[in-house]
Amino acid sequence: MVTPRCGVADIINGTNFMQTSNKKHDSGSNTIHTVAHFSFFPGNLRWPASQTHLTYAFSSNTPSGAMGPVASAFQKWASATHFTFSRAQNLQNADLVIGFHRGNHGDGAPFDGPGGTLAHAFAPTNGRFHYDEDETWSVGPVSNAFDLETIAIHEIGHLLGLGHSSVPEAIMFPSIPSGATKNLHADDIQGIRALYNV
């Protein structure tokens with residue numbers, strides 16, 4: 001059985017995007033090794049240092065029941081980072097926009113219906129986060145459904161600049177079974193602090 005996953009690619013331009021480093025050791029030999037379990041987008045995309053408060057808004061197609069779990073997910077990131085978040089009065093003034101879409105919805109990353117990709121988000125400073133409207137969503141752990149808050153915590157990680165993690169317990173791990181919930185893990189927090197040097 002294939003576990004549904006995030007729609008942000010693990011492989012970009014033919015290379016695995018777990019962060020690696022080509023470092024020269026004191027002995028003078030070059031080795032490539034994994035720096036950490038977390039990863040960043042190519043180019044280490046991030047929000048400008050002057051922009052630590054981000055506003056978010058919901059597209060008109062967002063179910064009202066999804067707004068509370070997404071707001072809670074933003075608060076989880078706020079408690080572990082130097083970022084603060086608030087809801088904008090309208091889409092035009094929002095740094096981040098959350099919506100529900102199905103199939104080809106105009107962003108170059110079409111959804112695939114039930115199963116497969118659950119959601120996707122774009123690297124800074126694009127600010128778009130989309131749920132696949134064709135999935136079965138829940139608030140909290142429900143069999144055969146996906147927890148809105150858990151998926152939001154993951155996708156907000158992408159909005160802030162994190163790629164996927166190879167740590168299965170991390171929120172930034174790329175897949176999750178139905179009925180499961182997760183929260184931020186030490187690897188996620190280490191990753192965001194490394195990206196922003198905080």
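**Overall fold and nonpolar core**

Three helices and twelve strands are assigned in the chain. The structure described here is a predicted model. Of the 198 residues in the chain, 47% are buried. The exposed surface amounts to about 9,500 Å², and carbon and sulfur atoms account for 51% of that area. Among contacts between residues at least 6 apart in sequence, 64% join residues at least 24 apart.

Six of the strands form an open sheet. The strand order is 1-9-10-8-6-7, and the pairing is mixed. Strand 1 (5-6) and strand 7 (84-87) are the edge strands, each pairing on one side only. In general, the strands of a sheet pair through backbone hydrogen bonds, in either a parallel or an antiparallel arrangement. Both arrangements involve strand 10 (residues 128-132): strand 10 runs antiparallel to strand 9 (residues 117-121), to which three bridges join it, and parallel to strand 8, with five bridges between the two.

On the strand 9 side, H120 has H130 as its bridge partner, and A121 is bridged to F129. On the strand 8 side, G99 has H130 as its bridge partner. H130 is therefore bridged to H120 in one direction and to G99 in the other, in keeping with the strand order 9-10-8. Strands 9 and 10 form a hairpin with six residues between them. In the turn of this hairpin, G127 has a positive phi of about 85 degrees. Strand 10 is mostly covered, with four of its five residues buried.

Helix 1 (residues 64-80) lies across strand 6 (53-58), strand 7, strand 8 (96-101) and strand 10. The helix runs at about 160 degrees to strand 7. The buried residues of helix 1 are A66, M67, P69, V70, A73, F74, W77, A78 and A80. Their cover includes strand 6, strand 7, strand 8 and strand 10, together with helix 2 and helix 3.

Helix 2 (residues 148-160) has 13 residues, which at 1.5 Å a residue should span 18 Å; the C-alpha atoms at its ends are 18 Å apart, so the expected and modelled spans agree. Helix 2 is mostly covered, and 13 of its 13 residues are buried. Just after this helix, G161 adopts a positive phi of about 120 degrees.

The largest nonpolar core contains 41 residues. Within this core, W77, F85, Y131 and L160 touch the most other members. At least two core residues come from each of strand 6, helix 1, strand 8, strand 9, strand 10, helix 2 and helix 3 (186-196). Helix 1 gives the most, with eight residues. Nonpolar side chains tend to be buried together in soluble globular proteins.

The surroundings of L160 illustrate how separate parts of the chain meet. Leaving out residues up to four places away in sequence, L160 touches L45, R46, W47, L54, W77, F83, F85, P124, I192, L195 and Y196. Two of these contacts, W77 and F85, are themselves among the core residues that touch the most other members.

How values were computed. Residues numbered from 1 in each chain as written. Predicted model: local features only at pLDDT ≥ 70, side-chain atom pairs only at ≥ 80, totals over all residues. Heavy atoms only, no water. Expected span 1.5 Å × (residues − 1). Buried < 20%, exposed > 50% of the residue type's maximum accessible area, 1.4 Å probe, protein only. Contact = heavy atoms within 4.5 Å. Areas by Shrake-Rupley, 256 points an atom, 1.4 Å probe, with all protein chains shown as cover. Pairing = 2+ DSSP bridges. Axes fitted to C-alpha atoms, helices over the stretch in contact; angles between N-to-C directions. Core = buried A, V, L, I, M, F, W, Y, C linked by side-chain atoms within 4.5 Å.
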